[in-house]
Amino acid sequence: MKKQKSKSLWYDSWRRLKKNKAAVVSAVFLMIVCFCAYFADWVAPYSFEAQDASKILLSPGAEHWLGTDSLGRDLLSRIIYGAQMSMAVGIFTSLASLVMGVIYGAISGWFGGRVDSFMMRFIDILYTIPALVLLILVMVLFNSLATELDPKDKALYGTFVALSIVGWVNIARLVRGQVLQEKQMLYVEAAVSIGVPSYQILTRHILPNILGPIIVTLTFQIPANVMFESFLSFIGLGIQPPYASWGTLAADGWRSLRTYPHIIISPGVILFLSMLAFNLLGDGLRDAFDPKARK
Amino acid sequence: MHLKKIFYFVLSMGLLMIFFDLSEFEGPIVDFANFSFAFGIIALFIYQVFAKKMSYYFLKRLMGASFVLFIIATTTFLMLRLMPGGPFDSDKALPPEVLANIEAKYHLDKPMIEQYVFYLGDLVKGDLGESYKYIGRSVTDIISESIPNSIKLGLYSLLLAFLLGIPLGALAGAKHNTVWDTSAMFMAISGVALPSFLVGPLLILFFTFYLDLLPPALWESPVHYIMPVVTLGLRPAAIIARLTRSSVLDTIHSDFVRTAKAKGLSASVVLFKHVLKNSLIPVVTMSGPLVANILSGSFVVELIFAVPGMGKHFVQSVTNRDYPLILGVTLLYAALLVLANLIVDLLYAVIDPRIRLSN
């Protein structure tokens, strides 16, 4: 007997994504970046902190591919270790805001009525505070509440907490809208009528159906958070030394822009390429999941 | 149509102001233009409130906006006062008597509720208190000194974003699936992905160090404006371009466009008068969030180009624990955002009569 290949929604989307060359190249690029970041100890040619006083501020060359900084540290290695921090911040804060946003949005959308309008009013208020202002306020608050932590760890955790808190509003809005839509569907009515409890309807029936748009939002949230983190670190409020992310590396380079421009350009370019890849992949995913585009 | 007339009046006065600013023109005529612009905006608001159809909706929006501001003021106040560590915990320990005097001066010895009442009362009077760090200077002073620079930077960037983004997006949408479309969209997606701390330094390297054409920093004459405005405006321009493109693609297949084509109108008339005009509504909706985007971006840009604006003060006030300044700047940013959203609502009514009638 000939086996019928499944033509599920996921398979369909996957096939459409594979056809999108830009998205595939972006995905491969991002995988390489994440791989290098995760196995930085093996991949990086030099140690993260190894200083060599005889080789400070070298231009890119055979020995140090991207040159060295003012303390004689290899820039390529620092960028690889910086990727660890930038990617970790981007991915974990997005996941945290995803969890918060999905729970909040699902509750708001599922119960509706007064609960919904109260919960959404709160979201509206959060929405009017500029993200960066909210971010900085949360970080300030966190910094003064977690007094027992080391200052450098405090800045690190503060950045994580602040970015997670800022990102969830968008996701909550999206999930609420989707849940409101799905609630009208017949399969939900069927589930309700056979007595499936609310949380099971949400987790087993509605959530898998709205996973597409959620994944797309996540792919756009990660680069936004990476960018935000580098902004914060660049203006001196985010990650503190000895930790390094692409933002702090760029901030280091900014101080010696005139004489040694390569120090700011290389972390900037790798950040740019990663942002580009995330955006292209996000676009590809959106097109792949978009029901309007389906034939 | 009164609304349209007032709108065009405001628009022309705004353009006049920009012209005066860029040509560094001074004199009573500048004050007149500023005054007319403000007058026009207020007239637009009043018209909206009293025009029969919109009044209820618009009043509701106004009330909502002031409620949001009140909530933000309260939250920032609570957040900052609940934090351990006072603004006067510096490296050098102050004698207790001196500390008590300072705290008495700023009402820090009073209970929270009383501090809050003091604060709200002053706020209503437009008094944001005195800065803790810059002794003897009021927050209102510091803000009013730095905000014109930030507003100018933001407005010019927004203008650049529209002037660059809309044509680019329209081009891409009209020539869908051609080389034009692909290259325009590649530019747009790059613009979204470019961090401003890469664009800014690259511009400085090229135009200052290599070509020696533009000054690398400060905010004194229109020559100084160019690089910060480009750096800040690039990202919003890219966002607008993508939005315009998808909106044009949505509109271009509508029946009225087919009718217009069937009437034998030229391609450019169809594009500009029929397609683009109807595609701009989502773009206008986006300008509220765009203002927030520009506000956030201005922190980095002001740092890179040493623009004496609000961003610098905000970052410094946070590290200095200068409570009144933090509160003032936060409130102001929120107010700007709320105001931007209100103006977007006003523009809605001008652009799309359907919205005016249905609400």
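G105(A) is in contact with A172(A), V175(A) and R176(A), once its neighbours within four places in sequence are set aside. The residue belongs to helix α4 of chain A, which covers residues 75-111. This is a predicted model, and the points below walk through it from single residues to whole chains and back to the salt bridges.

**Two buried spots in chain A**

- G105(A) has a relative accessibility of 0%, so it counts as buried.
- Computed along the sequence is one thing, and space is another: G105(A) and I171(A) are 66 residues apart in sequence, while their C-alpha atoms are 7.5 Å apart.
- E182(A) sits in helix α7 of chain A, which takes in residues 151-183.
- Is E182(A) buried or exposed? Its relative accessibility is 11%, and because buried means under 20%, E182(A) counts as buried.
- Beyond residues up to four places away in sequence, E182(A) touches Y187(A), V188(A), I206(A), N209(A) and I210(A).

**Chain A as a whole**

- Chain A is built with 12 helices and 0 strands.
- Following the sequence of chain A, you would read the pattern α-α-α-α-α-α-α-α-α-α-α-α.
- The C-alpha trace of chain A spans about 75 × 60 × 30 Å along its principal axes.
- Of the 295 residues in chain A, 51% are buried.
- If you take contacts in chain A between residues at least 6 apart in sequence, 70% of them join residues at least 24 apart.
- The surface that chain A exposes comes to about 14700 Å², with 65% of it supplied by carbon and sulfur atoms.
- Chain A carries 26 positive and 19 negative charges, and the mean positions of these two sets are 13 Å apart.

**Chain B as a whole**

- Chain B has 14 helices and 0 strands.
- From the N terminus on, the elements of chain B run α-α-α-α-α-α-α-α-α-α-α-α-α-α.
- Chain B has 359 residues, and buried ones make up 47% of them.
- Among chain B contacts between residues at least 6 apart in sequence, 73% link residues at least 24 apart.
- The accessible surface of chain B is about 18200 Å², and 70% of that belongs to carbon and sulfur atoms.

**Where the two chains meet**

- How many residues of each chain are in contact with the other? The contact involves 44 residues of chain B and 38 residues of chain A.
- The size of an interface is often given as the accessible area lost when the parts come together.
- Here, chain B and chain A bury about 3700 Å² between them, and carbon and sulfur atoms account for 86% of it.
- The interface of chain B and chain A holds 1 salt bridge.
- That salt bridge joins D283(A) to R242(B), with the closest N and O atoms 2.6 Å apart.

**Salt bridges, one by one**

- Side chains of opposite charge can pair when their charged atoms come close.
- Over all chains, the count comes to 5 salt bridges.
- D283(A) also forms a salt bridge with R286(A), and there the closest N and O atoms are 2.9 Å apart.
- R286(A) and D283(A) both lie in helix α12 of chain A (residues 262-289), 3 residues apart, which is about one turn of the helix.
- The accessibility of these partners can be read off too: R286(A) is partly exposed at 41% relative accessibility, whereas D283(A) is buried, with a relative accessible area of 14%.
- Within chain B, the side chains of R245(B) and D181(B) meet in a salt bridge at 2.7 Å, N to O.
- This pair links distant parts of the chain, with R245(B) in helix α9 (residues 222-251) of chain B and D181(B) in helix α7 (residues 179-193) of chain B, 64 residues apart.
- D181(B) is buried, since its relative accessible area is 4%.
- Another salt bridge in the model is formed by D255(B) and R258(B), whose closest N and O atoms are 3.6 Å apart.
- D255(B) and R258(B) are 3 residues apart in helix α10 (residues 255-262) of chain B, so about one helical turn separates them.
- Both D255(B) and R258(B) are exposed.
- Salt bridges that share partners join D283(A), R286(A) and R242(B) into one network.

Methods
Residues numbered from 1 in each chain as written. Chains lettered and ligands numbered in written order. Predicted model: local features only at pLDDT ≥ 70, side-chain atom pairs only at ≥ 80, totals over all residues. Heavy atoms only, no water. Helix = DSSP H or I, 4+ residues; strand = E, 2+ residues; numbered from the N terminus. Buried < 20%, exposed > 50% of the residue type's maximum accessible area, 1.4 Å probe, protein only. Contact = heavy atoms within 4.5 Å. Areas by Shrake-Rupley, 256 points an atom, 1.4 Å probe, with all protein chains shown as cover. Lys, Arg positive; Asp, Glu negative; His and termini not counted. Charge placed at Lys NZ, Arg CZ, Asp CG, Glu CD. Buried area = accessible area lost by both parts, 1.4 Å probe. Salt bridge = Lys/Arg side-chain N within 4 Å of Asp/Glu carboxyl O.
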